[in-house]
Amino acid sequence: MSSPPAEDLFCGHGWRRARHCGVVFQAVPRNPLASPFTLSISGGSSLGAVLGIRLGWDISVLGVSFLPFVSFASALLGILLVYALFQSPRYFSPLTLLLSWVLINFMCTALVLLLHYSADFTQSF
């Protein structure tokens, strides 16, 4: 009996990780509709990428670009912003938490569009 190809092993491992990430995304806000798009992760990371490009932070050192790190950090800031909003003694329902994440995502997307609008044609493309 032969062993499976290495690609099958790595892809299976990647799918298991993706499945676990999906479970965490839906378990934290206790809502089955939660995804990176509704949890302000995608909006925060795209805002960080656009700001990084606009401010000239799209440099690379030893072949590694700095832009993904800026994007990841801004995604974490989007999550931490909502988390900081909900550290008050009042109880917030999971629905309120999910809606605030959607609001932060829309605000980040609006800022991305504003940055694209205010940029020159050569800066946008």
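Let's start where two helices meet: helix 2 and helix 3 cross in a right-handed sense. The residues that make this contact are I41, G44, S45, G48, A49, G52 and I53 on the helix 2 side, and L67, V70, S71, S74, A75 and I79 on the helix 3 side. Sorted by class, the contact of helix 2 with helix 3 brings together seven nonpolar and six polar residues, with no charged residues. Please keep in mind as we go that this is a predicted model.

How is such a pairing put into numbers? Two packed helices are described by the angle between their axes and by the distance between those axes. For helix 2 and helix 3, the angle is about 135 degrees and the axes lie 7 Å apart. That angle makes helix 2 oblique to helix 3.

Now let's step back to the whole chain. It holds five helices and two strands, and reading along the sequence gives the pattern α-α-β-β-α-α-α. Of its 125 residues, 26% count as buried. Among the contacts in the chain with a separation of 6 or more, 59% come from residues 24 or more positions apart.

Helix 2 itself deserves a visit. It covers residues 41–54, and its 14 residues should span 20 Å at 1.5 Å a residue; the C-alpha atoms at its ends are 20 Å apart, so the expected and modelled spans agree. Buried residues in helix 2 are I41, S42, G43, G44, S45, L47, G48, V50 and G52. Several of these names will be familiar from the contact with helix 3, including I41, G44, S45, G48 and G52. After helix 2 comes G56, where phi is positive, near 80 degrees.

One residue of helix 2 to pick out is V50. Its relative accessible area is 16%, and a residue under 20% is called buried, so V50 is buried. What does V50 touch, once residues up to four places away in sequence are set aside? Its partners are V112, L115 and H116. The C-alpha atoms of V50 and H116 are separated by 8.3 Å, although the two residues stand 66 residues apart along the chain.

Two of those partners, V112 and L115, are also on the list of buried residues in helix 4, which runs over residues 94–118. With 25 residues, helix 4 reaches 36 Å from its first C-alpha to its last, close to the 36 Å expected at 1.5 Å a residue. The full set of buried residues in helix 4 is L97, L98, S100, W101, I104, N105, C108, V112 and L115. Where do the buried residues of helix 4 pack? They pack against helix 2 and helix 3.

The pairing of helix 4 with helix 3 can be described in the terms used above. Helix 3 (residues 67–85) and helix 4 pack at an angle of about 135 degrees, with 10 Å between their axes. These two helices are therefore oblique to each other, and their crossing is right-handed. On the helix 3 side, G78, I79, L81 and V82 take part, and they meet L97, S100, W101 and I104 of helix 4. By class, the contact of helix 3 with helix 4 counts six nonpolar residues, two polar ones and no charged residues.

S100 gives a close-up of helix 4. S100 has a relative accessible area of 14% and is therefore buried. Apart from neighbours within four places in sequence, S100 is in contact with V82 and F86.

Another serine, S40, sits in the loop between helix 1 (6–27) and helix 2. Is S40 buried or exposed? Its relative accessibility is 0%, so S40 counts as buried. Leaving out neighbours within four places in sequence, S40 is in contact with G78, I79, V82, W101, I104 and N105. Among these, G78, I79 and V82 of helix 3, and W101 and I104 of helix 4, also appear in the contact between those two helices.

Finally, let's look at the strands. L62 lies in the loop between strand 1 (60–61) and strand 2 (64–65). Its phi is near 55 degrees, a positive value in a residue other than glycine. L62 has a relative accessible area of 85%, so L62 is exposed, whereas S40 in its own loop is buried.

Methods. Residues numbered from 1 in each chain as written. Predicted model: local features only at pLDDT ≥ 70, side-chain atom pairs only at ≥ 80, totals over all residues. Heavy atoms only, no water. Axes fitted to C-alpha atoms, helices over the stretch in contact; angles between N-to-C directions. Helix = DSSP H or I, 4+ residues; strand = E, 2+ residues; numbered from the N terminus. Parallel < 35°, antiparallel > 145°, perpendicular 65-115°, else oblique. Left-handed = near helix turned anticlockwise from the far one by under 90°. Contact = heavy atoms within 4.5 Å. Nonpolar A, V, L, I, M, F, W, Y, C, P; charged D, E, K, R; others polar. Expected span 1.5 Å × (residues − 1). Buried < 20%, exposed > 50% of the residue type's maximum accessible area, 1.4 Å probe, protein only.
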